[in-house]
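Student: Could we go through the strands and their pairing in this entry? Please show it to me before we begin.
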Amino acid sequence: MSRMDAIVLRGNKDVVLESVPDPAPQVDEVLVEVAATGLCGTDLHEYAAGPTFSQPPVVLGHEVSGRIVDVGSGGDRSRIGEAVVVVPMDFCGHCHYCARALYHLCAAPGWVGFTRNGGLAPYTAVPSRLAIPVPDAVDLEAAALTEPTAVAFHAVRRADLRVGETVLVLGAGPLGLAVIQCARAAGAARIYVTEGSPVRAGLARDFGATAVLDPHDPGTTARIIDETRGTGVDVVFHAAGSPDAFAQGLDCLRKQGRFMEMSSWAGAAPLDVNRNLIKEPQLRLVFGYDMFDDFPAVLALMAEGTVALEPQITARVPLDKGIEEGLVALLDSREDRIKILVKP
Ligand SMILES: [Zn+2]
Ligand SMILES: [Zn+2]
């Protein structure tokens with residue numbers, strides 16, 4: 001059996017490039033030759049603060065695009081050569097939620113790149129059903145952004161955003177930037193963004209933000225209220241994982257507006273109930289995506305150019321530099337680095 005190099009999580013702050021056996025696709029699996037794998041905050045969290053839910057030792061990498069080069073025994077050989085993106089959330093297929101096609105809420109989920117080997121390697125074997133075809137019009141680098149974009153897309157759909165509505169996006173990291181484009185595609189009239197980093201703020205403007213405001217400026221909340229005829233925005237998307245942003249977002253929301261919480265937090269949320277009760281806000285917590293609806297829909301938007309996230313790719317690094325110039329670099333400075341792609 002031949003071997004390959006892979007970036008393996010072994011434990012807390014313990015990530016190494018090491019030689020592992022080439023993956024062999026099992027029944028109902030496909031072997032994907034990896035084109036690009038994006039790094040995200042969850043990778044950083046599992047490496048620096050975790051492992052929380054991953055099961056080391058495991059090959060990291062869950063934002064994966066590539067090409068099918070083999071299938072497990074009895075598999076559909078006509079898929080060989082197909083360009084695909086990997087849905088990293090696996091599901092049991094028979095629990096209460098799977099029976100209702102709510103696979104992302106599966107009672108016994110699995111995670112490519114955390115509980116089974118992922119895409120920070122030249123090859124990865126994944127369940128065939130998790131390899132979603134990529135249209136010809138989408139290149140494989142852009143396709144590696146499908147997964148994080150699907151999180152934003154899912155939040156925008158769950159917000160029931162209607163044409164002409166006004167939106168506030170708290171935080172312009174990879175998720176917030178994708179929300180801006182999806183909200184624009186859904187027909188939002190004005191999109192306010194709060195973001196402190198100049199690099200991220202610049203991208204937010206490029207992606208269609210109406211105005212990007214400094215979250216630490218004491219006049220920011222008043223300005224948003226003022227520009228929405230004194231009522232506040234229709235929908236808030238919180239993608240910053242910050243207690244201050246959470247409170248500011250609620251202050252900027254109109255009565256009966258929708259507050260979409262889509263970030264993971266380091267601690268518990270402080271909710272001032274009395275301050276917010278009279279507004280009847282609808283607080284909606286959203287997680288992941290409906291993989292078999294949202295992935296193809298996001299890829300279709302990418303194919304049409306409605307959603308174009310390549311500008312948020314700030315670096316492309318080879319696998320052997322994926323730790324130093326990928327994970328560690330992202331941990332050192334998340335301000336001016338947005339999305340780093342590893343190209344095995
Ligand atoms: Zn991710
Ligand atoms: Zn299930």
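Tutor: The exchange below concerns strand pairing, a helix and burial. This is a predicted model, in which local features need pLDDT of at least 70, side-chain atom pairs count only at pLDDT 80 or more, and totals for chains, interfaces and linings use all residues. Residues are numbered from 1 along each chain as its sequence is written, while chains are lettered from A and ligands numbered from 1 in the order in which they are written.

Student: What order do the strands of the open sheet have?

Tutor: The 6 strands follow the order β13-β12-β11-β14-β15-β16, with parallel pairing. Strands are DSSP runs of E of at least two residues and helices runs of H or I of at least four, numbered from the N terminus; two strands pair if DSSP finds at least two bridges between them.

Student: Which strands stand at the edges?

Tutor: β13 (211-213) and β16 (282-285) do; each has a single partner strand, so one side of each lacks a neighbour in the sheet.

Student: And how many bridges join β11 to β12?

Tutor: There are 5, between residues 166-170 and residues 190-194. Leucine 170 is opposite threonine 194 of β12.

Student: Changing topic, is strand β6 buried or exposed?

Tutor: Its two faces are covered: Ala83 and Val85 on one side, and Val84 and Val86 on the other, are all buried, meaning 20 or more other C-beta atoms, placed from the backbone, lie within 10 Å of the residue's own.

Student: What does β6 pair with?

Tutor: β6 pairs antiparallel with β5 (residues 63-71) over 3 bridges, and 3 bridges also join β6 to β10 (residues 131-133), again antiparallel. Arginine 67 faces alanine 83 of β6, and valine 86 has alanine 131 in β10 as its bridge partner.

Definitions and conventions. Buried ≥ 20, exposed ≤ 12 C-beta atoms within 10 Å, placed from the backbone.
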